[in-house]
Amino acid sequence: LSALAARDHATALVGLRALDHTKLHGHQVGDRAFLLAWTLMRTGDEAAAILLIPEIMAADHVPPDWQDTLVGELLLADGRAVEAAEALGRVTEGDGSWPRAMLLLAQARSEAGATADAIKVWEKLVERPDPANGSAQALMALATKSGAGSDKAYPYLRRLWSHYPGSGEGR
């Protein structure tokens with residue numbers, strides 16, 4: 001758990017794979033699947049993580065917002081943008097994973113060809129006071145969709161530079 005808390009996903013993956021999953025029962029099975037898929041995604045093994053979707057969906061002990069967020073992320077990685085949007089759309093504002101879920105939802109809608117819907121999601125993210133999780137990415141997406149360097153993009157970029165100068169997007 002300390003490796004997960006420290007975001008040392010490579011070490012966490014070793015520990016999760018070392019667990020004897022045949023001795024797990026009840027909610028432990030879903031918990032392990034969730035943590036394993038989360039870690040696999042962060043270590044770049046999307047294919048292995050995608051295989052865990054059924055176990056994660058059957059989990060009854062994972063917080064529902066995080067369950068929907070991870071399932072949405074996995075479905076998106078599997079090229080199933082419409083299904084991903086359905087899962088991500090169940091996450092509600094105020095949930096801990098909401099900013100992450102909304103960024104993924106916007107991506108899913110964009111990949112499904114619903115650009116106007118993606119823009120609405122990014123706009124909802126940037127309605128919050130700065131600084132806020134996910135806003136830097138949403139501001140950059142809105143600036144890009146507005147035409148980088150255009151007058152329409154400038155307010156998004158100005159806000160990005162002002163409030164998120166240390167972010168990857170702000171640099």
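**Helix packing and aromatic pairs in an all-helical model**

From the N terminus on, the elements of the protein run α-α-α-α-α-α-α-α-α-α-α. The secondary structure thus described comprises 11 helices and zero strands. The model is predicted. Taken along the principal axes, the C-alpha atoms fill a box of roughly 60 × 30 × 30 Å. The protein has 171 residues, of which 43% count as buried. Among the contacts with a separation of 6 or more, 46% are accounted for by residues 24 or more positions apart.

Two helix pairs that share H7 were examined. The axes of H6 and H7 cross at roughly 170° and come within 8 Å. Since angles over 145 degrees count as roughly antiparallel, H6 and H7 are therefore roughly antiparallel to each other. On the side of H6, the contact is made by Asp68, Thr69, Val71, Gly72, Leu75 and Leu76, and on the side of H7 by Ala81, Glu83, Ala84, Ala87 and Leu88. By residue class, the contact of H6 with H7 divides into seven nonpolar, two polar and two charged residues.

Helix H7 (residues 81–88) also packs with helix H8 (residues 98–111), at an angle of about 150° and with the axes 8 Å apart. H7 and H8 are therefore likewise roughly antiparallel to each other. The crossing of H7 past H8 is left-handed. H7 contributes Ala81, Ala84, Ala85 and Leu88 to the contact, while H8 contributes Ala101, Met102, Leu104, Leu105, Ala108, Arg109 and Glu111. The residues of the contact of H7 with H8 comprise nine nonpolar, no polar and two charged. Ala81, Ala84 and Leu88 of H7 thus appear in the contact with H6 and in the contact with H8.

Aromatic interactions were considered next. The structure holds three aromatic pairs. In one of them, the ring centres of Trp38 and Trp66 lie 5.8 Å apart and the ring planes stand at 80°, so the pair is edge-to-face. Trp38 belongs to helix H3 (residues 27–42) and Trp66 to helix H6 (residues 64–77), so the pair ties together parts that are 28 residues apart in sequence. Trp38 has 18% relative accessibility and counts as buried, whereas Trp66, at 28%, counts as partly exposed. Together with Phe34, Trp38 and Trp66 form one aromatic cluster.

Another pair is formed by Tyr154 and Trp161, whose ring centres are 6.4 Å apart and whose planes are at 70°, so this pair is edge-to-face. Tyr154 is partly exposed, with a relative accessible area of 45%. Trp161 is also partly exposed, with a relative accessible area of 42%.

Helix H3, which holds Trp38, also contains Met41. With a relative accessibility of 12%, Met41 counts as buried. Apart from neighbours within four places in sequence, Met41 is in contact with Glu46, Ala49, Glu73, Leu74 and Ala77. One of these residues, Ala77, is 36 residues from Met41 in sequence, and the C-alpha atoms of the two are 9.2 Å apart in space. As helix H6 spans residues 64–77, the contacts of Met41 with Glu73, Leu74 and Ala77 join H3 to H6, as does the pair of Trp38 and Trp66.

Notes
Residues numbered from 1 in each chain as written. Predicted model: local features only at pLDDT ≥ 70, side-chain atom pairs only at ≥ 80, totals over all residues. Heavy atoms only, no water. Axes fitted to C-alpha atoms, helices over the stretch in contact; angles between N-to-C directions. Helix = DSSP H or I, 4+ residues; strand = E, 2+ residues; numbered from the N terminus. Parallel < 35°, antiparallel > 145°, perpendicular 65-115°, else oblique. Left-handed = near helix turned anticlockwise from the far one by under 90°. Contact = heavy atoms within 4.5 Å. Nonpolar A, V, L, I, M, F, W, Y, C, P; charged D, E, K, R; others polar. Phe/Tyr/Trp six-rings, centres within 6.5 Å; stacked < 30°, edge-to-face > 60°. Buried < 20%, exposed > 50% of the residue type's maximum accessible area, 1.4 Å probe, protein only.
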